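Here are my comments on the model you sent. Please read them beside the sequence and the coordinates.

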Amino acid sequence: MKLDETKKREVFAILTVGGTRLMAAQYVGCHVETIRNTALREPGFADQLRKAELGPEITFLRNIQQASKDPKQWRASAWALERLYPDRYGRRPPKSITPEQLAEVVREMGTVVVGEVPVKRFREQVLLRLSELADKDFDRPPKKRRAKK
């Protein structure tokens with residue numbers, strides 16, 4: 001199926017108010033892949049599609065920024081800080097630590113190992129493991145372990 005000019009305008013209209021491609025596809029009566037394939041065939045359509053999809057986000061951010069200028073709307077600033085910089089301003093469970101704090105703890109543990117483990121081979125092995133731990137990305141979900149056969 002191809003999108004005619006009327007359906008393309010309807011797709012843009014839905015996307016510019018924050019709708020999704022799936023929603024637009026359902027509205028015009030096509031599959032979401034039709035929109036994707038049209039964008040791949042027609043660079044101009046792809047460009048308009050991209051702008052239509054980003055437009056609402058920019059509008060919403062602009063509204064938050066505008067609201068934050070009013071001292072009575074301080075929550076707009078707090079909301080933006082929490083979401084734009086979650087490591088610094090995001091809510092954390094009580095007694096939790098940041099990745100930076102965890103890395104500092106691991107470095108301190110390394111100092112303890114250097115002072116307390118006399119055998120160089122063991123000390124180096126422990127320091128290597130601590131280094132790997134400090135570099136670990138805790139935001140990624142853990143790898144699934146394969147069941148042993």
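The points below go from the model's basis to its overall form and then its core.

1. This is a predicted model: local features need pLDDT of at least 70, side-chain atom pairs count only at pLDDT 80 or more, and totals for chains, interfaces and linings use all residues. Residues are numbered from 1 along each chain as its sequence is written, and side-chain values use heavy atoms, with hydrogens and water left out.

2. The protein chain has 8 helices and 0 strands (DSSP runs: H or I of at least four residues for helices, E of at least two for strands, numbered from the N terminus).

3. The radius of gyration, taken over C-alpha atoms, is 26 Å for the protein chain, whereas a compact globule of 149 residues would be near 15 Å (the rule is 2.2 Å times the number of residues to the power 0.38). The C-alpha atoms fill a box of roughly 75 × 55 × 30 Å along the principal axes.

4. Of the 149 residues, 19% are buried (under 20% relative accessible area, 1.4 Å probe, protein chains only).

5. In the largest nonpolar core (buried Ala, Val, Leu, Ile, Met, Phe, Trp, Tyr and Cys joined through side-chain atoms within 4.5 Å) there are 14 residues, of which Leu 3, Val 11, Cys 30, Ile 35, Phe 45 and Leu 49 touch the most other members. At least two core residues come from each of α1 (5-16), α2 (21-28), α3 (32-41) and α4 (43-68), and α1 gives the largest share, 4 residues.

6. What does Leu 49 contact, leaving aside neighbours within four places in sequence? Its partners are Val 11, Phe 12, Leu 15, Arg 21, Ile 35 and Ala 39, where contact means heavy atoms within 4.5 Å.

Definitions and conventions. Buried means under 20% relative accessible area, exposed over 50%, partly exposed in between (1.4 Å probe, protein chains only).
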